[in-house]
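Please read the report below alongside the sequence and the model. It takes the sheets, a helix, the ligand surroundings and a few single residues in turn.

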Amino acid sequence: MPKTLLNAEDIAHSFDYPLFSNINFKIHQRESIAILGRSGSGKSTLLHIFSSFIEPNSGKVEIFDKEIYSLSEDNIEDIRRNKLGIVFQAHYLFKGMKAIENLEIATLLANEEIDNSLLERLEIKELMEQKIGELSGGQQQRVSIARVLSKKPSLIFADEPTGNLDKETAQLVMDVLLEYIDKHNAGMILVTHDEEMAKLCNKSYKLENQILEEI
Ligand SMILES: Nc1ncnc2c1ncn2[C@@H]1O[C@H](COP(=O)(O)OP(=O)(O)OP(=O)(O)O)[C@@H](O)[C@H]1O
Ligand SMILES: [Mg+2]
């Protein structure tokens, strides 16, 4: 049986107004799940809740059978560093550093090695000696994906990872992510506006009218 990577039960959250409630969600090893929904519907917030960064107003989130919002900050940090791969809408690369240095920091912290075949696959191997600030948006996006995968995470959270990319490069990035989860028994939760990208996943949900429904 594939293991459950994340189990969320009865999640509700509001900021100035209620964003969503009653959200139940599970993801297993080797599964990819897309979350669609209009701008402002709360997709990024939900992803932050699932990925240990925002504690919801109510409900529980278990990652690898541990209820994350009852763990100490050190234990959460340990899980983030070793098990989770997070590609956010704003990618937090160190702008003044070379691309390769950004990867080295991540692999060093997670005790892993840089995988050159991954850099070739993402067509960024030749850019490694350049500073992040000198790269295009789409190139930075791919370095940020390489950084996340180099850590060898078990569960990937990706918020619009193909948002800055042309169609062909977007397809390439999706192929790389899906091959990764297959090869490493990992899972991926993907937030996207792009229905074509969602169709490449095993399942799709839509966040609409404050509920999350499988489509
Ligand atoms: N930290 C915050 N404090 C207050 N309100 C917030 C906060 N973060 C998000 N919001 C509000 O919650 C709503 C949902 O935001 P969220 O970023 O989750 O939407 P989204 O579905 O990801 O949108 P997009 O597709 O544009 O990225 C928005 O109205 C936003 O202003
Ligand atoms: Mg968003």
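## The antiparallel sheet

In this predicted model, Ile-63 of strand β4 (residues 58–63) stands opposite Lys-66 in β5. The two strands β4 and β5 pair in the antiparallel sense over two bridges, and they form a hairpin with two residues between the strands, where Phe-64 takes a positive phi near 50 degrees. Most residues other than glycine have a negative phi.

These strands belong to an open sheet of four, whose order is β2-β1-β4-β5 and whose pairing is antiparallel. At its edges stand β2 (18–28) and β5 (66–67), and because each of them has a single partner strand, one side of each is left without a neighbour in the sheet. Further in, β1 and β4 run antiparallel and are joined by five bridges, with Glu-62 in β4 as the bridge partner of Asn-7.

## The mixed sheet

A second set of strands, six in number, makes an open sheet in the order β6-β7-β8-β3-β9-β10, and here the pairing is mixed. Its edge strands are β6 and β10 (211–214), each of which pairs on one side only, and from one strand to the next the twist averages 15 degrees.

Within this sheet, strand β7 (residues 155–159) and strand β8 (residues 187–191) pair in the parallel sense over five bridges, and Ala-158 stands opposite Leu-190 in β8. Helix α1 packs on the sheet, where it touches β3 (32–36), β7, β8 and β9 (203–208), and its direction makes about 155 degrees with that of β8. Another helix, α5 (residues 137–150), lies across β6 and β7 and runs at about 175 degrees to β6.

## Helix α1

Besides its packing on the mixed sheet, α1 also lies across β1 (4–14), β2 and β4, running at about 125 degrees to β1. Which residues of α1 are buried? In this helix, which spans residues 43–50, they are Lys-43, Leu-46, Leu-47, Ile-49 and Phe-50. Seen down the axis of α1, these buried residues fall within an arc of 155 degrees, so they line one face of the helix.

## The surroundings of ligand 1

Which residues surround ligand 1? They are Phe-15, Leu-19, Gly-37, Ser-39, Gly-40, Ser-41, Gly-42, Lys-43, Ser-44 and Thr-45. The largest share of this shell, three residues, comes from α1. Lys-43 thus appears both around the ligand and among the buried residues of α1.

Sorted by class, the shell around ligand 1 holds two nonpolar, seven polar and one charged residues.

## Val-87 in edge strand β6

Val-87 has its place in strand β6 (residues 84–87), one of the edge strands of the mixed sheet. Is Val-87 buried or exposed? With 24 C-beta neighbours inside 10 Å, Val-87 counts as buried, because a residue is placed in that class when it has 20 or more such neighbours.

Leaving aside its neighbours within four places in sequence, Val-87 is in contact with Ser-144, Ile-145, Val-148, Phe-157, Ala-158, Asp-159 and Pro-161. Among these contacts, Ala-158 is the residue that stands opposite Leu-190 in β8. Lys-131, by contrast, lies 44 residues from Val-87 in sequence and 20 Å from Val-87 in space, C-alpha to C-alpha.

## Two loop residues with positive phi

Ser-52 lies in the loop between α1 and β4, just after the helix, and its phi is near 85 degrees, a positive value in a residue other than glycine. With 19 C-beta neighbours inside 10 Å, Ser-52 counts as partly exposed, because the buried class begins at 20.

Asn-209, in the loop between β9 and β10, likewise has a positive phi, in this case near 50 degrees, and is also a residue other than glycine. How many C-beta neighbours does Asn-209 have inside 10 Å? It has 9, and Asn-209 therefore counts as exposed, since that class takes in residues with 12 or fewer.

How values were computed: Residues are numbered from 1 along each chain as its sequence is written. Chains are lettered from A and ligands numbered from 1 in the order in which they are written. This is a predicted model: local features need pLDDT of at least 70, side-chain atom pairs count only at pLDDT 80 or more; totals for chains, interfaces and linings use all residues. The arc is that of the directions from the helix axis to the C-beta atoms. A residue is near a molecule or strand if its C-beta atom, placed from the backbone, lies within 6 Å of it. Ala, Val, Leu, Ile, Met, Phe, Trp, Tyr, Cys and Pro count as nonpolar, Asp, Glu, Lys and Arg as charged, and the others, Gly among them, as polar. Two residues are in contact if their C-beta atoms, placed from the backbone, lie within 7 Å. Two strands pair if DSSP finds at least two bridges between them. Axes are lines fitted to C-alpha atoms, for helices over the stretch in contact, and angles run from 0 to 180 degrees between N-to-C directions.
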